[in-house]
Amino acid sequence: MTIEFFTPQGEVPEYMILFIKEKLMGFYHRDNEIYGAEVILRNQHINPGNDHICEITLSIYGEVLMVHRAADNYLQAA
């Protein structure tokens with residue numbers, strides 16, 4: 001499985017990327033038909049308090065599934 005991360009430079013600590021990677025690998029071990037994941041962590045300065053965004057896109061069985069969540073920090077959003 002290929003995992004791609006897109007993050008704001010200098011805002012996301014390495015441990016958080018490793019945490020998300022471990023969770024995605026857990027999904028892959030349950031179903032090895034997942035062939036790709038894209039994780040986008042970004043800041044949205046429009047709504048204070050829920051300004052950290054995590055979007056995860058999984059490619060599985062020829063389909064693309066996307067999850068989008070906003071929270072106070074990246075860990076909660078992930």
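Here a biologist and a modeller talk through a predicted model, asking what lies behind each label.

Biologist: Let's start with Glu55. Where does Glu55 sit, and why is Glu55 called buried?

Modeller: Glu55 belongs to strand β3, which covers residues 52-60. Its relative accessible area is 12%, and buried means under 20%, so Glu55 counts as buried.

Biologist: What makes the link between Arg42 and Glu55 a salt bridge?

Modeller: The two side chains meet with 2.9 Å from N to O. The cut-off for a side-chain nitrogen of Arg and a carboxyl oxygen of Glu is 4 Å, so this pair qualifies as a salt bridge. The structure holds 1 salt bridge. Arg42 is in strand β2 and Glu55 in strand β3, so the pair ties together parts that are 13 residues apart in sequence.

Biologist: And what is the general idea behind such a pairing?

Modeller: Side chains of opposite charge can pair when their charged atoms come close.

Biologist: Is Arg42 buried, partly exposed or exposed, and how do you know?

Modeller: Arg42 has a relative accessible area of 31%. Partly exposed lies between the 20% and 50% limits, so Arg42 is partly exposed.

Biologist: Which other side chain makes a polar contact with Glu55, and what makes that a polar contact?

Modeller: That partner is His68, with 3.0 Å joining the side chains of Glu55 and His68. A polar contact needs a pair of N or O atoms within 3.5 Å, so 3.0 Å satisfies the distance limit. Leaving aside neighbours within four places in sequence, the residues in contact with Glu55 include Glu38, Ile40, Met66 and Val67.

Biologist: How do you know that β2 and β3 pair, and which way do they run?

Modeller: There are 9 bridges between β2 and β3. Pairing takes at least two, so these strands pair, and they run antiparallel. One of the bridges sets Ile40 against Glu55 in β3.

Biologist: What about β1 and β2: how many bridges join them, and do they run parallel or antiparallel?

Modeller: Strand β1, residues 2-6, is joined to β2 by 5 bridges, and the two run parallel. With at least two needed for pairing, β1 and β2 therefore pair as well. Among the partners in β2, Glu38 is bridged to Glu4 and Val39 to Phe5. Together, β1, α1 and β2 form a β-α-β unit that is left-handed.

Biologist: Now for the core. Which members of the largest nonpolar core touch the most other members?

Modeller: Those are Leu24, Val39 and Leu41, in a core of 16 residues. At least two residues of this core come from each of α1 (14-30), β2 (34-43), β3 and α2 (74-77). In soluble globular proteins, nonpolar side chains tend to be buried together.

Biologist: Why is Leu41 called buried, and what does Leu41 touch?

Modeller: Leu41 has a relative accessible area of 2%. Buried means under 20%, so the label fits Leu41. This residue of strand β2 touches, among others, Phe6, Val12, Ile20, Ile53 and Tyr74, not counting residues up to four places away in sequence. By the same kind of count, Leu24 touches Met1, Ile3, Ala37, Val39, Ile56 and Leu58.

Biologist: How do you know that Thr57 is buried?

Modeller: Thr57, in strand β3, has a relative accessible area of 17%. The limit is under 20%, so Thr57 is buried. Its contacts beyond four places in sequence include Gly36, Ala37, Val64 and Leu65.

Biologist: Let's finish in the loops. What makes Pro48 exposed?

Modeller: Pro48 is in the loop between β2 and β3. Its relative accessibility is 70%, and exposed means over 50%, so Pro48 counts as exposed. The C-alpha atoms of Pro48 and Ala71 are separated by 9.7 Å, with their positions 23 residues apart along the chain.

Biologist: What is the phi of Tyr61, and why is Tyr61 called exposed?

Modeller: Tyr61 has a phi near 55 degrees, a positive value in a residue other than glycine. Most residues other than glycine have a negative phi. Tyr61 lies in the loop between β3 and β4 (63-71). At 54% relative accessibility, against a limit of over 50%, Tyr61 therefore counts as exposed.

Key
Residues numbered from 1 in each chain as written. Predicted model: local features only at pLDDT ≥ 70, side-chain atom pairs only at ≥ 80, totals over all residues. Heavy atoms only, no water. Helix = DSSP H or I, 4+ residues; strand = E, 2+ residues; numbered from the N terminus. Buried < 20%, exposed > 50% of the residue type's maximum accessible area, 1.4 Å probe, protein only. Polar contact = N/O pair within 3.5 Å; in protein donor to acceptor, adjacent residues only side chain to side chain. Contact = heavy atoms within 4.5 Å. Core = buried A, V, L, I, M, F, W, Y, C linked by side-chain atoms within 4.5 Å. Right-handed = clockwise from strand over helix to strand, strands pointing away.
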